[in-house]
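Hi,

Here is the structure I promised to pass on. Have a look at it first, and then read my notes below.

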Amino acid sequence: MRFVLEKRPAPSRLMLGLTPILAVIATMLAGGVMFWALGANPVEAIRTIFVDPLFDPTFASYSRPQLLVKAAPLILIAIGLSLGFRAGIWNIGAEGQYIIGAVVGAGVGLAFYPTESRLVFPAMVLAGAFGGWVWAMIPALLKTRLGTNEILVSLMLVYVAENILASVASGLLKNPEGRGFPGSRNFARDYPAASNLELLPGTGMHWGVIAAFIAVIAAYVLMTRHKMGFAIRLTGEAPRAARFAGVNPTRLVVFSLGMAGALAGMAGLFEVSGPAGQISIDFGSGYGFTAIIVAFLGRLHPIGILLAGLLMALTYIGGELAQLMLGMPAAAIQLFQGMLLFFLLAMDVFANYRIRLKTREAA
Amino acid sequence: MNLFKTLAVGAALAAGLAGTATAQDTTKVGFIYVGPIGDGGWTYEHNKARLAVEEHFGDAVETVYQESVPEGADAERAITQMALSGADLIFTTSFGFMDATVAVAEKFPDVKFEHATGYKTADNLAVYSARFYEGRAVQGTIAGHLTDSNIVGYIASYPIPEVIRGINSAYIHAKKVNPDVEFKIIWAYTWFDPAKEADAAKALIEQGADVILQHTDSTAPQAAAAEAGNVYTFGQASDMSEYAPMPRVSSIIDDWAPYYIERVQAVIDGTWETADTWDGIGPGMVGIGEISDAVPAEVKAEALALKDAIASGEYHPFTGPLNKQDGSAWLAEGETADDGTLLGMDFYVEGIEGEIPN
């Protein structure tokens, strides 16, 4: 008697919905074992990560809004990525588009320092989106014109972007009043017109959060109601059929990479002008890569991505609390987050395969 | 079975622990670290000083820390959460935490903050740093004597004044004992990244460097040098004595413990005041690690004499005549650099090749 995996003709819809929840439960169990092995109380550790940021009397009033702050860039970037991913176009370089968006947007803002005009912030948002878009157009054009692989090109451009960031942080955009230290002026502290602060104090709501919600709704409408959404889905599921149906692959590549780049660039701008405050050498904090996880955790579905972004933010903030309150090492928290992705991918087996009990011994 | 028992007990405890408050008379001291406590360098030394605080004060003080905190938005949250958790005094131990520390200090006027290597102060925010360049002078002297290829490799982290000061100080003193010496500098753009640091060390060795100085915090360059053989290195921030006597021939050690103990005591006594502290070898904030037997005795003696002269204040590592890289005059004969210039140093001294990236 043994178990065999039998491929399903089509992925189970029930399982597709259920596996993210199963993955979270499995992560809690395996993570609990890890925390126990580290000498912590596993129940307390899991509670600190998943419950305390929301309900702890000391921290919740601060960390609940922080969930939005942390989740917004992840959601914004992941929404953009999901468009391409659903069509089989793999933009791995959102981190670079995020950085360039921040640099271009911040550059526009700093060029007008110290203006008090209300127009400067919208101009920066547009410039940020434009910067990210341009950065994504490089792999898009190389792919459509020369047939290069967008995975490699977009990824390599992340490293180029990081070097541009380091260069402008210690040169072009350096704060002239910063005593020679790298880093731009601080938007959040010294440049009110160009800053992206909380719209209502204590809510965490800044323009980036609002943009993320709009992106979720727009992506939902696009994917379900618009011809472009249909073309994306069809290309992902049946590329040959899509070509026969008249889908133009070049347009699709340019559209999906461009949207991803523009959204990532906007996310970068919202971050640099608000929570991060300034262009610094370390500005790129990996949101562009984490967003890939968020996109898949959310099943490339707009609502799923919204929830996945919030969950990811929860593990970050809860993880920080676990470090602070329980003295957990940072590596344990990263491992815990890694487990989440691992279990999600592993659980996909149940969506694509049926488990059968075979009674007869196979030859 | 054991696990299930723990789980069950845990469930029972969880509810009870949630409400536990810190006892009134305990002083809670928090530390925000940029790297992991096991980096063997910068953060390792800050954490060692934290443990020294715990040992010194016993039950009167409780310490908490958070490691590997990214500089930027995450730092502000980490510091805020630490303040919310009831910390009375918080040390933020990287330059990149400056604006975040300033922002949190404004929100928590009753909490005291101390920011390492920065320059922004407030009524409840002090800054402190060490004159690492004094150690670099000793290091440069040894490096200048040891090199056969006359090429000294330097793994620099970020182009900030502190790092540039270190390069200048090491170069001036290497040049003094070896006029043919040449520095090759690689900017790693990281404080801690063993893979990048190892790559940088290997690249420098390939370019002919037989002494490697580092301003990054891991022991990866030491390991790369050990593998290459006949390459000398110096411990950075921490002693890194596990690589002695070769390749590690000496080190610059950051000793934060006396300062931390003094500042915690001030909070307990209610006498804490904002300050701008910049101490060197003299007060013991910068230590020179044991110079190993791989260094000839007369070189060792010379290095130790220099160390004593700096400690006593008899000698300043930046004493004229010194020119800037472009040949313009900086310090006249016998003139010493003022702290303001040193704190904002953004130029190389004459003789160093290459440009400071920007």
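Let me start with one spot in chain B. Ala332(B) sits in the loop that runs between strand 14 (329–331) and helix 11 (339–343) of chain B. Bear in mind that this is a predicted model.

Is Ala332(B) buried or exposed? Ala332(B) has 9 C-beta neighbours inside 10 Å, so it counts as exposed; the cut-off for that label is 12 or fewer. Leaving aside residues up to four places away in sequence, Ala332(B) touches Gly320(B) and Pro321(B). As for Leu322(B), it is 10 residues from Ala332(B) in sequence, and the C-alpha atoms of the two are 6.8 Å apart.

Now the wider layout of chain B. The chain splits into domain 1 (25–130) and domain 2, which is made of 132–252 + 294–343. Measuring between C-alpha centres, you get 29 Å from domain 1 of chain B to domain 2 of chain B. Where they touch, domain 1 of chain B puts in 13 residues and domain 2 of chain B also puts in 13 residues. Which element gives the most to the domain 1 side of that contact? That would be helix 2 (residues 42–57) of chain B, with 4 residues. By type, the residues on the domain 1 side are 6 nonpolar, 5 polar and 2 charged.

How far can you lean on chain B? Its pLDDT averages 90, and 93% of the residues score at least 70. Among the elements of chain B, strand 3 (residues 89–92) has the highest mean pLDDT, at 97, while helix 1 (residues 2–18) has the lowest, at 44. The pLDDT stays below 50 over residues 1–23 of chain B, and that stretch has 20 contacts in the model beyond near neighbours in sequence. For the complex, the predictor gives an ipTM of 0.87 and a pTM of 0.85.

On to chain A, which has 15 helices and 2 strands. Its radius of gyration is 22 Å, and the globule rule gives 21 Å for 363 residues, so chain A is as compact as a globular protein of that length. Along the principal axes, the C-alpha atoms of chain A fill a box of roughly 80 × 60 × 35 Å. Of the 363 residues in chain A, 53% count as buried. If you take the chain A contacts with a separation of 6 or more, 78% of them come from residues 24 or more positions apart.

That's what I have for now.

Cheers

Conventions: Residues are numbered from 1 along each chain as its sequence is written. Chains are lettered from A and ligands numbered from 1 in the order in which they are written. This is a predicted model: local features need pLDDT of at least 70, side-chain atom pairs count only at pLDDT 80 or more; totals for chains, interfaces and linings use all residues. pLDDT is the predictor's confidence in each residue, from 0 to 100. Two residues are in contact if their C-beta atoms, placed from the backbone, lie within 7 Å. The radius of gyration is taken over C-alpha atoms; the globule rule is 2.2 Å times the number of residues to the power 0.38. A residue is buried if 20 or more other C-beta atoms lie within 10 Å of its own, exposed if 12 or fewer, and partly exposed in between; C-beta atoms are placed from the backbone. Domain bounds come from an automatic or database domain assignment. Ala, Val, Leu, Ile, Met, Phe, Trp, Tyr, Cys and Pro count as nonpolar, Asp, Glu, Lys and Arg as charged, and the others, Gly among them, as polar.
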